[in-house]
Amino acid sequence: MDFNLSQEQQLLRDGLVKFLSVRYDLEKSRAAAKTGLGWQPEIWRGLAAELGILGATLSEEVGGIGGGPIELMLITEALGHALVIEPYVDTVVVCGGLLHRAGNSAANELLAKVIDGTAIVALAAAEPASGDRWQDVSTRAESDGDGWVLSGSKLMVVGAPLATHLLVTARAPGDDGISLFLIENGTAATEVHAYRTIDDRRAADITFDNVRLPAAALLGEPGGAWQSLSRARDEGAAAVCSEAVGCMRKVLADTVEYCKQRQQFGQPIGSFQVLQHRMVDMYMELEQAIAAVYLAVLRLDADEATRARAVSAAKVTVGRAARCIGQQAVQLHGGMGMTEELAIGHYFKRLTAMQYEFGSTDQHIARYAELTRA
């Protein structure tokens with residue numbers, strides 16, 4: 001299999017890496033996460049206007065570049081390497097895919113705004129009673145004349161405090177299927193509890209209390225959203241796995257460099273064989289994770305079962321690697337590893353959170369076992 005990048009893909013990767021190395025300072029981004037808006041809008045505008053990154057994987061019909069899974073992998077790995085907190089995966093990958101597959105005029109108009117950086121979309125799918133199981137939906141959408149009335153609660157909506165629009169899953173009375181609704185964020189009769197997550201992202205718990213929506217708010221057919229949601233969940237999981245690879249590359253490189261410089265007993269601690277073995281273990285975990293991500297990304301356009309197996313395998317492999325590399329890096333840095341002053345502590349928190357996004361390691365082990373059962 002040919003893993004060489006095309007000239008366009010190399011330019012995409014190199015341009016993004018250079019942009020982030022010059023414009024995305026870790027200390028500044030963490031300060032922004034803890035104060036004010038909780039992110040850097042100017043970075044988002046730069047990704048849109050200067051690089052065209054927000055439209056790189058979206059359809060040319062709505063103003064995107066029309067890239068595919070490889071472009072997605074290159075972008076997310078670079079974002080992970082720089083520890084970018086802006087909601088690329090949630091807005092562009094997950095919600096962008098849902099809007100594209102909906103295909104109606106409202107969805108396409110919003111996609112065009114996502115691409116030019118003027119709209120941010122968050123998916124409200126998880127619920128207090130079911131946690132991260134998107135298929136267990138108790139939020140109700142009742143038909144009311146020529147519109148809908150939405151009631152229910154959503155949990156841990158990542159990016160919601162920053163979002164201009166929400167995609168909300170709900171069920172109609174007597175309908176076993178899941179419907180997807182597009183609403184403007186801040187609509188009357190919504191209660192939002194916003195907070196900062198452990199990895200410096202912004203999320204919210206949202207309650208909808210008889211929110212009235214027009215008929216056009218429904219995306220697609222009533223009760224027919226699960227297939228698109230299932231694909232969006234796998235695409236989000238693959239993107240987060242690729243992002244984790246970028247994080248782990250940075251963590252391993254910083255750890256090796258630290259062990260070359262840190263002196264103990266008159267010599268660098270990297271000269272001690274037992275610590276060399278640890279770093280080799282970290283390297284092997286990273287290489288396995290990279291291979292698993294390649295497979296998952298290249299299977300995103302395959303049939304549902306093949307895609308699901310590859311994504312779950314990657315999620316399990318990356319979850320194990322993230323735990324190993326993150327913990328070893330902190331230990332090799334000693335007490336400094338968990339401080340706010342060192343980048344390692346921030347990367348460790350992000351790698352920990354990634355193990356639970358779009359399904360935990362245990363959930364994906366169970367899904368893979370179910371999919372491969374004879």
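UniProt positions are given here in the numbering of this chain, with feature names shortened, and such annotations may be inferred rather than shown by experiment. With that in mind, the unreviewed UniProt entry places "domain: Acyl-CoA oxidase/dehydrogenase middle" at residues 122–211. Residues are numbered from 1 along each chain as its sequence is written, and the model is a predicted one, where local features need pLDDT of at least 70, side-chain atom pairs count only at pLDDT 80 or more, and totals for chains, interfaces and linings use all residues. Side-chain values use heavy atoms, with hydrogens and water left out.

Let us start with the two annotated spans. Helices (H or I, at least four residues) and strands (E, at least two) are DSSP runs, numbered from the N terminus. The same UniProt record, also unreviewed, lists "domain: Acyl-CoA dehydrogenase/oxidase N-terminal" for residues 6–116.

| Span | Distance between end C-alpha atoms | Helix | Strand |
|---|---|---|---|
| Residues 6–116 | 25 Å | 68% | 0% |
| Residues 122–211 | 17 Å | 0% | 54% |

Next, the domains, whose bounds come from an automatic or database domain assignment. That assignment gives domain 1 (7–118), domain 2 (122–223) and domain 3 (226–373).

How far apart are the C-alpha centres of domain 1 and domain 3? They lie 22 Å apart. Counting contact as heavy atoms within 4.5 Å, 21 residues of domain 1 touch 27 residues of domain 3. The size of an interface is often given as the accessible area lost when the parts come together. Here the buried area (accessible area, 1.4 Å probe, lost by two parts on being put together and summed over both) is about 1,900 Å² between domain 1 and domain 3, with carbon and sulfur atoms giving 69%.

Now for the charged pairs. A salt bridge is a side-chain nitrogen of Lys or Arg within 4 Å of a carboxyl oxygen of Asp or Glu. By this rule the count comes to 23, and 2 salt bridges cross the interface of domain 1 and domain 3. On the side of domain 1 that touches domain 3, α2 (26–34), α4 (69–81) and α5 (88–102) each supply at least two residues. Helix α4 gives the most, with 8 residues.

Arg249 and Glu77 form a salt bridge through their side chains, at 2.6 Å from N to O. Another salt bridge joins the side chains of Glu50 and Arg23 at 3.0 Å, N to O. This pair links distant parts of the chain, with Glu50 in helix α3 (residues 41–50) and Arg23 in helix α1 (residues 7–23), 27 residues apart.
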